[in-house]
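Student: Could you take me through one part of this model closely, with the cut-offs behind each term?

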Amino acid sequence: MFLYEKKLQYPVRIKTPNPKLASVIISQYGGPDGELGASLRYLSQRFSMPYPELKALLTDIGTEELGHLEMVGAIVHQLTRKLTDEQIKTAGFDTYFVDRTTGVYPTAASGFPYSAASMAVKGDVLADLTEDLAAEQKARVTYDNILRLSDDPDVNDVIRFLREREVVHFQRFGDGKRTRGSEKELLTKPGGRLTRPPGFVSVRPSATKTPYRAARSGSAPPCPHCSRPA
Ligand SMILES: [Fe+2]
C-alpha cells in the first residue's frame, strides 16, 4: 500500500520551454535505464528477496524511484507547456508531438515505447542485486549524458539531484550485498541462505571441480558438439 504525498521529492521549477530538451529527457521516464523501469524492477524483485533488510531496501529504493518518475514527468511537462506552433515544428519535437501532443508518455528518446524487456527480475539474491548495481550506474550515465546536452540551469539543478540519488542507490545496494556474506557463501550454502526453493539442488564447488580434474588428467570425454578432446 502506498500513501501519496502531494509534493515532489525535489522541486521542479522550469521557466523556459524547451521541447528539444524534453524529447531527450523523456528517456529517463520510459527509456531502457529510466525511472519507470527502476521502480518496477525493485518493487518486483522484493517479493522473492529472502532477507528482510534487503526486501526493505528494495521497497525503499523502488518507492523513491516512483518519486523520481514523477519528477522526470514534471520536467518534461514544464519544458513542453505553452509551445508555439513554430516551436513544435522547428524544435525537434514534431515526431513526438504528432503521436502524443504534449502528453507525458513512457518512451525512450529514440521513440521506442517502455518495455519491461529492459529490466530483469531473476529471483536470486546475487543476480538481482548485481543487476541493480549495474542499473544504477546506467541511470547515472544517462543523467550525465543529459547534463552534457542541457544548458538550462533550472533543469540541470534537478538532474544533478537525480544523478546523485543514483549514486546513493548504488552504494546502498553495494552495502546490502556485503551484509549478506560473500558470493561464495551465497552460492554454496544450503537451506535458508539460498534463494532457491527447498529441495533445489545447490551448485557446490565440488560439483564443478570434477570435470576440470578429469580434463587435466586426459580422461575427460570428448566434446559432444565437435568431438574434440575436452
Ligand atoms: Fe536509482
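Tutor: Happy to; here is a close look at helix H3 and its packing. Please keep in mind that this is a predicted model, in which local features need pLDDT of at least 70, side-chain atom pairs count only at pLDDT 80 or more, and totals for chains, interfaces and linings use all residues. Residues are numbered from 1 along each chain as its sequence is written.

The protein chain has 10 helices and 0 strands (DSSP runs, H or I of at least four residues for helices and E of at least two for strands, numbered from the N terminus). H3 covers residues 35-45, and its axis comes within 8 Å of that of H4, residues 52-79, crossing at roughly 160°. Axes here are lines fitted to C-alpha atoms, for helices over the stretch in contact, with angles from 0 to 180 degrees between N-to-C directions. H3 and H4 are therefore roughly antiparallel, a label for angles over 145 degrees.

On the H3 side, the contact is made by Glu35, Leu36, Ala38, Ser39, Tyr42, Leu43 and Gln45; among the H4 partners are Leu58, Ile61, Leu66 and Val72. Two residues are in contact if their C-beta atoms, placed from the backbone, lie within 7 Å.

H3 is mostly covered, with 8 of its 11 residues buried, that is, with 20 or more other C-beta atoms within 10 Å of their own. Those buried include Gly37 and Arg41, and the buried residues of H3 pack against H2 (27-30), H4 and H7 (125-149). Across the protein chain, 28% of the 230 residues count as buried.

Terms used: Angles under 35 degrees count as roughly parallel, over 145 as roughly antiparallel, 65 to 115 as roughly perpendicular and the rest as oblique. A residue is buried if 20 or more other C-beta atoms lie within 10 Å of its own, exposed if 12 or fewer, and partly exposed in between; C-beta atoms are placed from the backbone.
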